[in-house]
Amino acid sequence: MVRPLLGPPDEPTRGVDVGAKVEIYELNRALAGKGTAILLISSELPEILRLSDHILVMSKGRLVAEVDNDAASTSDFAAEEKMIRSALGLERDGTNEIPRAQGA
């Protein structure tokens with residue numbers, strides 16, 4: 001069973017030192033490990049990739065892409081590029097459908 005949790009404010013690690021970031025990451029992992037759903041809002045791509053199981057990309061107030069964790073790893077350049085292109089409104093196919101990463 002998933003226990004919901006309202007996420008912290010946008011950019012929870014902005015302006016904090018590296019040690020505090022590590023503590024925030026560890027707390028998020030511990031809560032997720034206990035079945036708590038966490039809403040993370042961040043503009044830092046490495047942070048998103050490190051902490052997320054499922055990623056929704058928004059641009060101009062609308063959902064523009066959806067990526068599952070298995071397709072989004074720090075070594076998966078295609079998933080990273082897709083998220084950035086989607087966030088910037090640079091869709092390649094020109095459709096209004098939500099693009100999905102490979103494996104999603």
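This report describes the fold, the main pocket, the salt bridges and selected residues of a predicted model.

## Overall architecture

The protein chain contains 3 helices and 4 strands. Read from the N terminus, these elements follow the order β-α-β-α-β-β-α. The chain has 104 residues, and 28% of them count as buried.

## The largest pocket

The largest pocket holds about 930 Å³ of space. Its lining is made up of 29 residues, and those nearest the centre of the pocket are Leu40, Ile48, Ser52, His54 and Ile55. Five elements each give two or more residues to this lining: helix H1 (18-33), strand E2 (36-38), helix H2 (45-51), strand E3 (54-59) and helix H3 (77-87). Strand E3 provides the largest share, with 5 residues.

By residue class, the lining of the largest pocket comprises 17 nonpolar, 7 polar and 5 charged residues.

## Salt bridges

Side chains of opposite charge can pair when their charged atoms come close. In the whole structure, 2 salt bridges are found.

One of them joins arginine 14 to glutamate 11, with 3.7 Å between the closest N and O atoms. The two partners differ in their exposure. Arginine 14 has a relative accessible area of 57% and is therefore exposed, the cut-off being over 50%. Glutamate 11, in contrast, has a relative accessible area of 16% and is buried, because this value is under 20%.

The other salt bridge is formed by lysine 21 and glutamate 44, whose closest N and O atoms are 3.3 Å apart. This pair links distant parts of the chain, since lysine 21 belongs to helix H1 and glutamate 44 to the loop between E2 and H2, 23 residues apart. Glutamate 44 has a relative accessibility of 29% and so counts as partly exposed, a class that lies between 20% and 50%.

## Threonine 13 and glutamate 44

Threonine 13 is located in the loop between strand E1 (3-5) and H1. Its relative accessibility is 2%, and threonine 13 therefore counts as buried, the limit being under 20%.

Threonine 13 and glutamate 44 are 31 residues apart along the chain, and their C-alpha atoms are separated by 9.4 Å. Glutamate 44 is also the partner of lysine 21 in the salt bridge described above.

## Strands E3 and E4 and the loop between them

A nonpolar surface patch of about 290 Å² is formed by Leu56, Met58 and Leu63. Of these residues, leucine 56 is placed in strand E3, the element that also gives the largest share of the pocket lining.

The loop between E3 and E4 includes lysine 60. The phi angle of lysine 60 is near 55°, a positive value in a residue other than glycine. With a relative accessible area of 82%, lysine 60 is exposed, because the value is over 50%.

Aspartate 68 is part of strand E4 (residues 62-68). At 18% relative accessibility, aspartate 68 counts as buried, because this value is under 20%. Aspartate 68 and aspartate 53 are separated by 15 residues in sequence, and their C-alpha atoms are 6.2 Å apart in space.

Terms used:
Residues numbered from 1 in each chain as written. Predicted model: local features only at pLDDT ≥ 70, side-chain atom pairs only at ≥ 80, totals over all residues. Heavy atoms only, no water. 1 Å grid on protein atoms, 1.4 Å probe; cavity = no way out; pocket = protein on both sides within 12 Å on 5 of 7 lines; lining within 4 Å. Points joined across faces, edges and corners; volume = space filled by probe spheres on them. Nonpolar A, V, L, I, M, F, W, Y, C, P; charged D, E, K, R; others polar. Patch = residues over 30% accessible without salt bridge, like charges linked within 9 Å, V, L, I, M, F, W, Y side chains within 5 Å. Areas by Shrake-Rupley, 256 points an atom, 1.4 Å probe, with all protein chains shown as cover. Salt bridge = Lys/Arg side-chain N within 4 Å of Asp/Glu carboxyl O. Buried < 20%, exposed > 50% of the residue type's maximum accessible area, 1.4 Å probe, protein only.
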